[in-house]
Structures are given as structure tokens and as C-alpha cells.
Amino acid sequence: MTAINHMDTSVQNVDIAIVGGAMAGATLALALARLSQTSASVSVALIEAQVPDKSHPGFDARSIAIAHGSIFELSRLGLWQKLAHLGTAIENIHVSDRGHFGMTELNAAQFHLDALGQVVELERVGQVLFNELHKSHVKLYCPAKLAQVEAGIEGHTLVLDTGERIQAKLVVAADGLQSKVRSSFNLPVTQVAFEQTAIIANIQTDKPHQHWAYERFTETGPLALLPMGDSQGQPRLSLVWALDDAQAKQMQAAPKAEFLAALQQAFGYRAGTFIDVSERHAYPLNLSYMPRPIHHRCVFIGNAAQTLHPIAGQGFNLGLRDVVSLLEVLNTALAQGEDIGSAAVTHAYLNAREQDRNSTIRNIEFLVRGFSNQYWPLALGRNLGLRLLSWFPPLKTPVARRAMGWK
């Protein structure tokens, strides 16, 4: 890490300034640092408002599933090697529709893989990524908040709450749903409210998970359980339970025994008996996306570009594909000696992301509306679809490819 004097109010000039150092921003910064070591030299600044701990909104108590395709990309970027020890493998996925006959399974062995993905705890991932950032040549401003963006023709100047000023040829906004960069440029964002809230918690069970993940569709929305590493010898699952807003408020405040009983009734006993639950957190579930995640000398990645419903666990996986596409575009521009903040570069990124973003967003909205609806023709159709996947295994391949994060 390059040490920054917080009393120095002179302008720091860099090629790329990344605003937001959670999963997408930190991953991009480390990948760019590695790029500078192996090929073209590019100076990078990373601005992050908060040190990574359990109160950090991007590195909090949640766990996420990193798909097989994302692990491939992280390995290629030299990052999965640093994170692999934190992962718990997903070897099988069971999908079911509560109260109906539809169910199917995806198994890693069917596709000649060791795992379909890995589950990691964000708080621990944040600590590893920031340890790597401190060892890199990235100019890290943390904690520091973006106060103002002064737009320019040749680059933008980012004014921080510390008084520091950073001028960059290209600004990468990775600052989440409430993006300060996006609001500074007054750019439009499309929002879809699903009127659902997710309860997030870790669940202790009376039997080992044996690397099974579960996605169960209920009347209120999806209920997902992901395998986690044991805690003091006790098997654990990571819970994401979508409920309508009133139910979520009730379940977050419910006594532990009442909560576990309600969860058991909604899910069943396929994963064993639920015996304990950690602190519960509630997150409103909405779909938010920028129609065009670019601006003059600025691109948007991760949750700043699109924030998804967690129904298929694609949030970080889609954000990582933003990172990979941007790296490919920048690598080409640097190799050809182009201005990395030029309109040609930002539009190349836009074109590279358009199809994948649009199809993923459409699929997520279809899944949320289709599987949270009890209208009987829809329920019959989706259950027949799940059964067909079980009866005709070749039909699983495109579903599995999407679940594993392969475009």
C-alpha cells in the first residue's frame, strides 16, 4: 500500500480511481495491481468509506455462494488462491416448491466437477482482501468518503471528506446501491420493488449438511440454505428467507424458539432439525439497475450498476463478470496505447456487458414473480418444469451452467 498523508491537500493523479472497496471494488483493485506487475503499468486509487469489519455493509455477517465460473475467474486473477481456505463446497443443490410436487437436483458429479460453487463468509473475505490491498501498490484511502465529484473533460477530480483530492482518467463506481458517484452525475436508475424482505442468519442443525445447498420456493418467496463450515464442531447453514415485509418484521423480533419452529415448518426436515440461530438481519429486497452503466470517463460495476434479488445467488457472480469484462477492455486499451477513460473504452465496456446483464436481470425478475405466485396455472407450470428437469437430465445442462456462473 502507498501511504497517503491525510494533511496533504494537493491533487493526487492516478489512471483509475475506484470508489467503493467491497467485493467488486476490492477485487478489481487487486486485479489491476497484478496487471501492473505483469504487463502495462497503471496507477490505481481505491476509496473506501469504512474499514472491513462486521459493521461494514459489504463485508457483514452474510455468506454468499461463489459460483464455479466465478472461482475460475478469481483463480485466473490470482485471488481465489488467497480465499480458498475460507470456502465450503456446494456439491449438490436441491430445488423444491413448498406444497407442490415439483423438485429437482443438481449434482457436481453429474458434470464431472468437485463442486458447483463455494460458500464464503463476507466478513472473513473482507479481511483477506484488505490484507492483500495493504501489500499491493494500490493507493488505498480508507476510511475516506467521497464528498464531491468535479467533472472534467480529461478526467474527474474526486474530493474526499478528508480534504484530499484525486484526479483520475477513469472513475470506476463500485459504491453500491446508493452510489454517490451515480447521484453526483444525476444518472437514472430503474427500481422494481418486490415488497419482500430477506431475513439473513446462520442456522445450526443436528446433522451435517454434507455439502448440500437448498432453494425452496414458498408462498412468500424463496428460502435458501447454503452449507457453511462448522462452528465449534456444530454443523451450520446460511439462511436467506424472503418474506413479505410484515412477516419479516415479525420473524426478526420473534423469540428464538418461535423463529426456528416457523422456519422448520416452512422448509421441512430435509436438512435435519434446526436447533439454534445466530443474530438475525433484515434486508429489503428490490431490483435496481442502471439502463446504461457508463458515463463520461466513468463506468459502474457490481451493486452500483445493478442490485439483484438473491433468489438465484447471482449478485456477486454478476458483479465479478463486470470486473472481468472491464479488465479485458482496459487490457486491450493499454496494449494499444489508448486513453483508458475515453468514450471508446467506456462504450466497449457497455457493449461487453449488455447481453449478460440484461438476460440475468430478466431471468431474476421472472423467477421472483413466477415462484412467489400461487396462481394455480403458474404453480402447475413451474412444477412441471422442475419435474421435467428431474425426468430428462440433459435439460439440466443450461440451468446448471447458469447456476455455476457460466455465460
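Which residue in S7 does Thr 88 stand opposite? The first view below takes this up. The model is predicted.

**View 1. A three-stranded open sheet with a helix packed on it.** Thr 88 stands opposite Val 119 in S7. Strand S4 and strand S7, residues 117-121, pair in the antiparallel sense over 3 bridges. The sheet has 3 strands, in the order S3-S7-S4, and the pairing is antiparallel. Its edges are S3 (63-67) and S4 (88-90). Each edge strand has a single partner, so one side of each is left without a neighbour in the sheet. From one strand to the next, the twist averages 30°. Helix H2, residues 68-76, packs on this sheet and touches S3 and S7. The direction of H2 makes about 80° with that of S3.

**View 2. Strand S15 and its two antiparallel partners, S12 and S14.** Strand S15 covers residues 234-244. Of its 11 residues, 9 are buried, so the strand is largely enclosed by the rest of the structure. S15 pairs with strand S12 (residues 190-205) over 9 bridges, in the antiparallel sense. Here Ile 199 stands opposite Trp 241 in S15. S15 also pairs with strand S14 (residues 221-231), again antiparallel, over 7 bridges. In that pairing, Pro 227 stands opposite Leu 237 of S15. S14 and S15 form a hairpin with 2 residues between the strands. Gln 232 in this hairpin takes a positive phi near 55°.

**View 3. Trp 241 and Phe 259, an aromatic pair.** The structure holds 4 aromatic pairs. In this one, the ring centres of Trp 241 and Phe 259 are 5.7 Å apart. Their planes stand at 65°, over the 60 degrees that counts as edge-to-face, so the pair is edge-to-face. The two rings link distant parts of the chain, 18 residues apart. Trp 241 belongs to strand S15, while Phe 259 belongs to helix H7, residues 256-267. Both Trp 241 and Phe 259 are buried. Phe 259 has a charged neighbour too: Arg 280 lies over its face, at 4.6 Å from the ring centre.

**View 4. A cluster of rings around Phe 267 and Phe 274.** Phe 267 and Phe 274 form a tilted aromatic pair. The distance is 6.0 Å centre to centre, with 45° between the planes. Phe 267 has 5% relative accessibility and therefore counts as buried. Phe 274 is at 5% as well, so it also counts as buried. Ring pairs join these two residues with Trp 212 and Tyr 214 in a cluster.

**View 5. Arg 62 over the ring of Tyr 283.** The charged end of Arg 62 sits over this ring. The distance to the ring centre is 5.1 Å.

**View 6. The largest nonpolar core, with Ile 301 as one of its members.** This core holds 54 residues. Ile 16, Ile 18, Leu 28, Leu 32, Leu 133, Val 172 and Ile 301 touch the most other members. Helix H1 (residues 23-38) gives the largest share, 10 residues. Leaving aside residues up to four places away in sequence, Ile 301 touches Ala 24, Leu 28, Val 172, Ala 173, Ala 174, Asp 322, Val 323, Leu 326 and Tyr 349. Another core, of 23 residues, lies apart from the largest one. Among its members are Ala 45, Val 149, Leu 160 and Ala 304.

Terms used. Residues numbered from 1 in each chain as written. Predicted model: local features only at pLDDT ≥ 70, side-chain atom pairs only at ≥ 80, totals over all residues. Heavy atoms only, no water. Core = buried A, V, L, I, M, F, W, Y, C linked by side-chain atoms within 4.5 Å. Buried < 20%, exposed > 50% of the residue type's maximum accessible area, 1.4 Å probe, protein only. Helix = DSSP H or I, 4+ residues; strand = E, 2+ residues; numbered from the N terminus. Contact = heavy atoms within 4.5 Å. Pairing = 2+ DSSP bridges. Axes fitted to C-alpha atoms, helices over the stretch in contact; angles between N-to-C directions. Phe/Tyr/Trp six-rings, centres within 6.5 Å; stacked < 30°, edge-to-face > 60°. Lys NZ or Arg CZ within 6 Å of the ring centre and 35° of its normal.
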